[in-house]
Amino acid sequence: MDAPGWRPGEEPPSTPQAKSGRNRLIRPYAVTGGRTAPRMQLALEALVSSATFMSVDTATLSTEYQAIISLSQQVRSVAELSALLRMPLGVTRVLIADMATEGLVQIHQPSLDAGKPDLNLLERVLSGLRRL
C-alpha cells in the first residue's frame, strides 16, 4: 500500500518535502488559508480517490494538491493520506474537502444508519487488527 520504493521513516516520494529535497516548515494555517474546518463533513475513514476525468493541468496546482492527487491514485483513507503527507489531520481534511468541491478527488463516505456503526466495517477493522 505504500509508494513503490518508499520505506517507513522516509519522506514519501510525492510529498512536497521529498520533492524539494529538504524539510520545510510551513504553518498549517498558511496551507489552508486560515481555515480550520472543512467545507464538508469528512470522516477519518472516508476514502479518497483521484478523479480520473481530470482535465486540469496539475502543474498549476499547489504541491500539497499534487501530492494528494498522486497518493490517491490508489484509494486511501483521509487518515492514511494525512499520515503519508505528514500533515495534521485537520489540514488534510480542509485540503481534501476543497479538492472535492473543485472535482479533483472523489470522496467515498461511509454510510451510517441513524448513527449506528457499519457492522461490516467493524468486522474488517477487527480482522485487520488481529492480523497485526
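**Fold, core and surface of the predicted model**

Of the 132 residues in the chain, 32% are buried. The coordinates come from a predicted model, and everything described below was computed from it. The secondary structure amounts to six helices and three strands, which follow one another along the sequence in the pattern α-α-β-α-β-α-α-β-α. Among contacts with a separation of 6 or more, 72% join residues 24 or more positions apart. The accessible surface of the chain is about 8,300 Å², and carbon and sulfur atoms contribute 55% of that area.

A convenient place to begin is the sheet. Its three strands are arranged in the order β2-β1-β3, forming an open sheet with antiparallel pairing. Strands β2 and β3 occupy the edges and have a single partner strand each, so one side of each lacks a neighbour in the sheet. Helix α5 (residues 89–101) packs on this sheet, where it touches β1 and β3, and its direction makes about 110 degrees with that of β3.

The pairings can be followed residue by residue. Strand β1 (residues 47–50) is joined to strand β3 (residues 105–108) by four bridges, and the two run antiparallel. Within this pair, L47 stands opposite H108 of β3, while V48 has I107 of β3 as its bridge partner. Strand β1 also pairs with β2 (residues 76–77), again in the antiparallel sense, over two bridges. Here the bridge partner of V48 is R76. V48 is thus a handy landmark for anyone tracing the sheet, with a bridge partner in β2 and another in β3. In a regular strand, side chains alternate between the two faces of the sheet.

R76 has a second role in the description. Its side chain meets that of E80 in a salt bridge, with an N to O distance of 3.1 Å. Side chains of opposite charge can pair when their charged atoms come close. A search of the whole structure finds one salt bridge, and both of its residues, E80 and R76, are buried.

Helix α3 (residues 63–71) deserves a look of its own. Seven of its nine residues are buried, so the helix is largely enclosed by the rest of the structure. The buried residues are E64, Y65, Q66, A67, I68, I69 and L71. An α-helix has 3.6 residues a turn, so residues three or four places apart point the same way. Of the residues in α3, I68 gives a good view of the surroundings. I68 has a relative accessible area of 0% and is therefore buried. Leaving aside residues up to four places away in sequence, I68 touches L85, L95, I96, M99 and V105. The C-alpha atoms of I68 and T92 lie 8.9 Å apart in space, although these residues are separated by 24 residues in sequence.

Another long-range approach involves A43, located in the loop between α2 (28–31) and β1. A43 and P110 are 67 residues apart in sequence, yet their C-alpha atoms are 7.7 Å apart in space. Apart from residues up to four places away in sequence, A43 touches V78, R93, Q109 and P110. With a relative accessibility of 22%, A43 counts as partly exposed, because the buried class is kept for values under 20%.

The backbone shows a feature worth checking at R86, in the loop between α4 (78–85) and α5. Most residues other than glycine have a negative phi. R86, although not a glycine, has a positive phi of about 55 degrees. At 42% relative accessibility, R86 counts as partly exposed.

Finally, the surface carries a nonpolar patch made of V125, L129 and L132, which together have about 350 Å² of accessible area. V125 belongs to helix α6 (residues 119–131). This residue counts as partly exposed because its relative accessibility is 42%.

Methods. Residues numbered from 1 in each chain as written. Predicted model: local features only at pLDDT ≥ 70, side-chain atom pairs only at ≥ 80, totals over all residues. Heavy atoms only, no water. Patch = residues over 30% accessible without salt bridge, like charges linked within 9 Å, V, L, I, M, F, W, Y side chains within 5 Å. Areas by Shrake-Rupley, 256 points an atom, 1.4 Å probe, with all protein chains shown as cover. Salt bridge = Lys/Arg side-chain N within 4 Å of Asp/Glu carboxyl O. Buried < 20%, exposed > 50% of the residue type's maximum accessible area, 1.4 Å probe, protein only. Pairing = 2+ DSSP bridges. Contact = heavy atoms within 4.5 Å. Axes fitted to C-alpha atoms, helices over the stretch in contact; angles between N-to-C directions.
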